[in-house]
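Reader: I should like to learn how the features of a model such as this one are to be read. May we begin with a single residue and then widen the view?

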Amino acid sequence: MSLKKFLISRIFWINLLIAVVLVAALTAITLSSLKNYTHHGISYNVPDLSGMTYDEAKQVAEATLLKVELLDSVYDKNVSPGAVVDQVPKANQQVKEGRLIYLTINASEAEMVTIPKLTDISFRQAQVLLENCGLTIDSISYQPSEYTDLVLNAFQNEKELEEGDRLEKGSSVVLVVGQSRGNMETILPNLNGMFMDDARLALTNARLNMGVVIYDHSITTKEDTLNARIWKQMPDSRLVQKVYLGSSVDLWLTVDNEKLTSDEATEQ
C-alpha cells in the first residue's frame, strides 16, 4: 500500500484517534497526580506558637499538618525559660502542608561574655570593644583629668568592673571618662523623628545620656513601642546648640503621624 493510500485509510485514522485519546488521558492523569501531590489550592493557617514550649509548639503544629524546627535561642529575663519568642512564618500566614515553622526560644540562662580591658583607652575604643562583645553603654559620667576622652573606670550596678569579669550579654555598663576643663561642651543632636535605638546611639556618640523617656497615649502595644519615634526632646536642639558632656536628654515618643509631621513642619 502506498503512503498516500495509507494516510487516507481507515486503519490510519483509527490509530491516530487512539493515540490522541491516550495522550489526553496520560496528560490528565499527570496533572491530577501533580495537583494531589502538591495539594494545589489547599493551604493551612500558621498557628500562634508564642509562649509555648518546644514540645507544645510541635504538638500544635503537627495538629495542623505543619512541622517545627528550632532555629535559635535568645535570653529575655521577662519571658519564661524555654518559651517560644519568635517564629517564621508568622502566625496566621497561609502555607502548604508540611511547611517548617522555624522557632526562636528563650534560653534558660543568659549568655555570658568576658569584659575586655576598658580603662586607659579612648572612649571610642571602649565603645567598639563593648559593642563587639554584645554589651552597651548605659550612661557616661565625666571627671576632671589631664587626659581628655580617656576611660578612667567602668561600673555595673555600682560595682567596679575589671578586665576578665563576666557579664550577661546585652547588659549595659557605666563609663567614667576623663575631661580637661577646656572642653566640657558638646553639640546637642537633633533626635526628632528617630527611633529609640537610633537616638540612643546618637546620644552616646555625642557623649550624652538618655534621660526620662515618655510614651504618649497613642502607644498601646509592644509593637507600638518598637515603631515609636521621637517627636520632642528636652533640651530642644532648635533652641540649644551645645550642652555639657554627660548631660541627660529627655525624650517624648509617639506613633501619631500628626505629631511627627507637625513637628517636622515646625523645624522647616
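Author: Let us start with T104, which is buried, with a relative accessible area of 12%. The model is a predicted one, and T104 lies in strand β5, residues 100-106.

Reader: Which residues are in contact with T104, leaving aside its neighbours within four places in sequence?

Author: T104 is in contact with D72, S73, V74, A83, V84, V85 and D86.

Reader: How should the label "buried" be read for D224, and where is D224 found?

Author: Buried means under 20% relative accessible area. D224 has a relative accessible area of 18%, and therefore counts as buried. Its place is helix α6, residues 222-227. Not counting residues up to four places away in sequence, D224 touches S218, I219 and V255. As for a distant pair, D224 and L49 are separated by 175 residues in sequence and by 21 Å in space, C-alpha to C-alpha.

Reader: Let us widen the view. How many helices and strands are there in the chain?

Author: The chain has seven helices and 16 strands. Buried residues account for 31% of its 268 residues.

Reader: What does the radius of gyration of the chain show when set beside that of a compact globule?

Author: A compact globule of 268 residues would have a radius of gyration near 18 Å, whereas the chain has 32 Å. The C-alpha trace spans about 115 × 50 × 40 Å along its principal axes. Contacts give another view: among those between residues at least 6 apart in sequence, 71% join residues at least 24 apart.

Reader: Which residues have the most contacts inside the largest nonpolar core?

Author: That core has 20 residues, and L130, L135 and L175 are those with the most contacts inside it. At least two residues of this core come from each of α4 (123-132), β7 (136-144), β8 (151-156) and β11 (172-179). A second, separate core has 15 residues, including L191, L208, I219 and I230.

Reader: What surrounds L135, leaving aside its neighbours within four places in sequence?

Author: L135 is in contact with V113, I115, L130, L167, E168, K169, G170 and S171.

Reader: How is the buried side of a helix to be read?

Author: The general idea is that an α-helix has 3.6 residues a turn, so residues three or four places apart point the same way. In helix α5, residues 196-205, the buried residues are M196, A199, A202, L203 and T204.

Reader: Against which elements do the buried residues of α5 pack?

Author: They pack against α4, β7, β13 (209-215), β14 (229-234) and β16 (248-254).

Reader: How should one read a positive phi or a cis peptide bond?

Author: Most residues other than glycine have a negative phi, and most peptide bonds are trans. Just after α5, R207 takes a positive phi of about 65 degrees. R207 is in the loop between α5 and β13.

Reader: Is R207 buried or exposed?

Author: R207 is buried, because its relative accessible area is 14%. D120 is another residue that is not a glycine and has a positive phi of about 65 degrees. D120 lies in the loop between β6 (112-114) and α4, and counts as exposed because its relative accessibility is 54%.

Reader: Where is the peptide bond cis?

Author: One such bond joins V88 and P89, with omega about 5 degrees. P89 belongs to the loop between β3 (84-88) and β4 (94-95). The peptide bond from M234 to P235 is also cis, with omega near 5 degrees. P235 is in the loop between β14 and β15 (242-244).

Reader: Finally, how is the surface to be read, and which residues make a nonpolar patch on it?

Author: The chain exposes about 17,200 Å², of which carbon and sulfur atoms supply 54%. W13, L16 and V20 make a nonpolar surface patch of about 290 Å². L16 is in helix α2, residues 10-38.

Reader: Why can L16 belong to such a patch?

Author: Patches are made of residues with over 30% relative accessible area. L16 has a relative accessible area of 34%, so this partly exposed residue passes that cut-off.

Terms used: Residues are numbered from 1 along each chain as its sequence is written. This is a predicted model: local features need pLDDT of at least 70, side-chain atom pairs count only at pLDDT 80 or more; totals for chains, interfaces and linings use all residues. Side-chain values use heavy atoms; hydrogens and water are left out. Patches are made of residues with over 30% relative accessible area and no salt bridge: like charges are joined within 9 Å, nonpolar side chains (Val, Leu, Ile, Met, Phe, Trp, Tyr) within 5 Å. Accessible areas come from the Shrake-Rupley method with a 1.4 Å probe; for residues, only the protein chains shown count as cover. A salt bridge is a side-chain nitrogen of Lys or Arg within 4 Å of a carboxyl oxygen of Asp or Glu. Helices (H or I, at least four residues) and strands (E, at least two) are DSSP runs, numbered from the N terminus. Buried means under 20% relative accessible area, exposed over 50%, partly exposed in between (1.4 Å probe, protein chains only). The radius of gyration is taken over C-alpha atoms; the globule rule is 2.2 Å times the number of residues to the power 0.38. Contact means heavy atoms within 4.5 Å. A nonpolar core is a set of buried Ala, Val, Leu, Ile, Met, Phe, Trp, Tyr and Cys residues joined through side-chain atoms within 4.5 Å.
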